[in-house]
Amino acid sequence: MDPQVLSHRLCIYCRALETPALSCPRLTGGLPDSPPSATLMARDSRPVSGLIAKDAELIHSLQQKPSSLCQRCTRYNIIDVFSMSEPLDEIQRADIDQTRYNERMSQYRLSLGQPLSIILTPSCPVCRLLYSILPRDLKAHEPHTHLEPYRSHIRQPGWEMFPTAFKSQCAIHLGLATAWSPFSPISDPFTKGGDNIRWTMMSGPAICYETESAPPRRNMRNARPLDSKLDLSILVKPLEHCEWNHGSSCNVPIPPELLKARMIDIVQRKVIPCPPDCDYVALSYVWGGVQPTPEALEKICLPQTIEDAITVTKALGRRYLWVYPQTPLS
């Protein structure tokens, strides 16, 4: 093992490798217990959490060196947490013994302590993951911090409406919290308190599998590498689930007034009267006085928003696009 790596620690405040002799002023009491100043934030262009280019370069360089789990992360066994923990959301926990639930979940929580006591070992791959998700604006005396497993469905607005079978297949994520609950995340401005449970929970940075690597029985709504374009295939499965299981409760009959509308047939690239029982995609679009050139639809030279809507319609397996208000294409 590289002696330099062994003697250093990853500082969540300075975002760098540090030796005990040159430790962060925040850890030695040299800085006030407050987030970095606006001047520092602007100078470093550092976000509250997530990897900036400098962080990514540091992590990449450490990954090229020999790695081994530190004692704390060895005891935690993150693989077992992903494969064996069964976290419940707030609704599911309402009718069970909370004490017994917390006792069962305690083995799947990684205690980090207060921010001033957090030690991240550069040679440990799990510590490097923690470095990647720990916020930079943690106050030195933030309450006890830990890593908490939770089901990824709670990151979706309206999650309480999901059927139990769907929830049980959702992926396990590991996020930061300051209490024994997945509903008190660190630095998560999107979380709503009280009884407003339909809002997203634990929407901050998290550790998780990529979908291809996740256990088969818990690989829904998992992480995936970001691409330059949205993978629209991820929308097809929930649409099919709705069609097959929700019946008339979601498939509302077409009102007679809609038959007066005109649809874009994306296969023929023509504007046609609305067919009976038309399964269409709707786009709300403001033309702003723009008049398409003659045969713009056929020549594939419509405004990019319309062309993108045609692409989405095709990816969703639909044939008809309704641009509302009425399209001036014919």
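Which residues of β4 are buried on one side, and which on the other? Thr145, Leu147, Pro149 and Arg151 are buried on one side, while His146, Glu148 and Tyr150 are buried on the other. The views below come from a predicted model.

**View 1. The whole chain, for orientation.** The protein chain has 330 residues, and 38% of them count as buried. Its secondary structure comes to 10 helices and 9 strands. Many contacts reach far along the sequence: among those between residues at least 6 apart, 70% join residues at least 24 apart.

**View 2. Strand β4, covered on both faces.** β4 spans residues 145-151, and 7 of its 7 residues are buried. In a regular strand, side chains alternate between the two faces of the sheet. Here neither face is left open: Leu147 and Pro149 are among the buried residues of one side, and Glu148 and Tyr150 among those of the other. Charged residues are included in this cover, with Arg151 on one side and Glu148 on the other.

**View 3. β4 and its partner strands.** β4 pairs with β3 and with β5. The β3 pairing is antiparallel and has 3 bridges. Leu110 has Leu147 of β4 as its bridge partner. The β5 pairing is also antiparallel, over 6 bridges. In that pairing, Tyr150 stands opposite His173 of β5.

**View 4. The largest nonpolar core.** In soluble globular proteins, nonpolar side chains tend to be buried together. The largest such core in this model holds 33 residues. Leu120, Leu130, Leu134, Leu147, Leu174 and Ile207 touch the most other members. Helices and strands both contribute: α3 (53-63), α4 (71-76), α5 (78-84), α6 (98-105) and α7 (125-133) each supply at least two residues, as do β1 (9-11), β3 (110-113) and β5 (172-177). The largest share, 5 residues, comes from α7. Another core lies apart from this one. That other core has 16 residues, including Ile264, Trp287, Leu302 and Ile310.

**View 5. Ile207 and its contacts.** Ile207 is one of the core residues that touch the most other members. What does Ile207 contact, leaving aside neighbours within four places in sequence? Its partners are Ile78, Phe82, Leu129, Leu130, Ile133, Leu147, Ile172, His173 and Leu174. Leu147 also appears in View 2, as a buried residue of β4. His173 appears in View 3, opposite Tyr150.

**View 6. Helix α7, mostly covered.** Of the 9 residues of α7, 7 are buried. They are Val126, Cys127, Arg128, Leu130, Tyr131, Ser132 and Ile133. Leu130 and Ile133 are also in contact with Ile207.

**View 7. Thr121, ahead of α7.** Thr121 sits in the loop between β3 and α7. Is Thr121 buried or partly exposed? Its relative accessibility is 23%, so Thr121 counts as partly exposed. Not counting residues up to four places away in sequence, Thr121 touches Cys70 and Cys127. Cys127 is among the buried residues of α7. Gln71 is 50 residues from Thr121 along the chain, and their C-alpha atoms are separated by 9.9 Å.

**View 8. His8, a buried loop residue.** His8 lies in the loop between α1 (3-7) and β1. Why does His8 count as buried? Its relative accessibility is 15%, and the cut-off for buried is under 20%, so His8 qualifies. Beyond residues up to four places away in sequence, His8 touches Leu17, Glu18, Thr19 and Pro122.

**View 9. Two loop residues with positive phi.** Asn77 and Arg221 are shown together. Asn77 lies in the loop between α4 and α5. Its phi is near 55°, a positive value in a residue other than glycine. With a relative accessible area of 31%, Asn77 is partly exposed. Arg221 is in the loop between β5 and α9. Phi of Arg221 is also near 55°. At 38% relative accessibility, Arg221 counts as partly exposed.

**View 10. The second largest pocket.** Rolling a probe the size of a water molecule over the atoms shows where empty space is left. The second largest pocket holds about 390 Å³ of space. Its lining has 17 residues, and Cys250, Asn251, Val252, Asp279 and Tyr280 lie nearest its centre. By class, the lining has 12 nonpolar, 1 polar and 4 charged residues. α9 (233-245) and β8 (280-284) each supply at least two lining residues. α9 gives the most, with 3 residues.

Note on methods
Residues numbered from 1 in each chain as written. Predicted model: local features only at pLDDT ≥ 70, side-chain atom pairs only at ≥ 80, totals over all residues. Heavy atoms only, no water. Core = buried A, V, L, I, M, F, W, Y, C linked by side-chain atoms within 4.5 Å. Buried < 20%, exposed > 50% of the residue type's maximum accessible area, 1.4 Å probe, protein only. Helix = DSSP H or I, 4+ residues; strand = E, 2+ residues; numbered from the N terminus. Contact = heavy atoms within 4.5 Å. 1 Å grid on protein atoms, 1.4 Å probe; cavity = no way out; pocket = protein on both sides within 12 Å on 5 of 7 lines; lining within 4 Å. Points joined across faces, edges and corners; volume = space filled by probe spheres on them. Nonpolar A, V, L, I, M, F, W, Y, C, P; charged D, E, K, R; others polar. Pairing = 2+ DSSP bridges.
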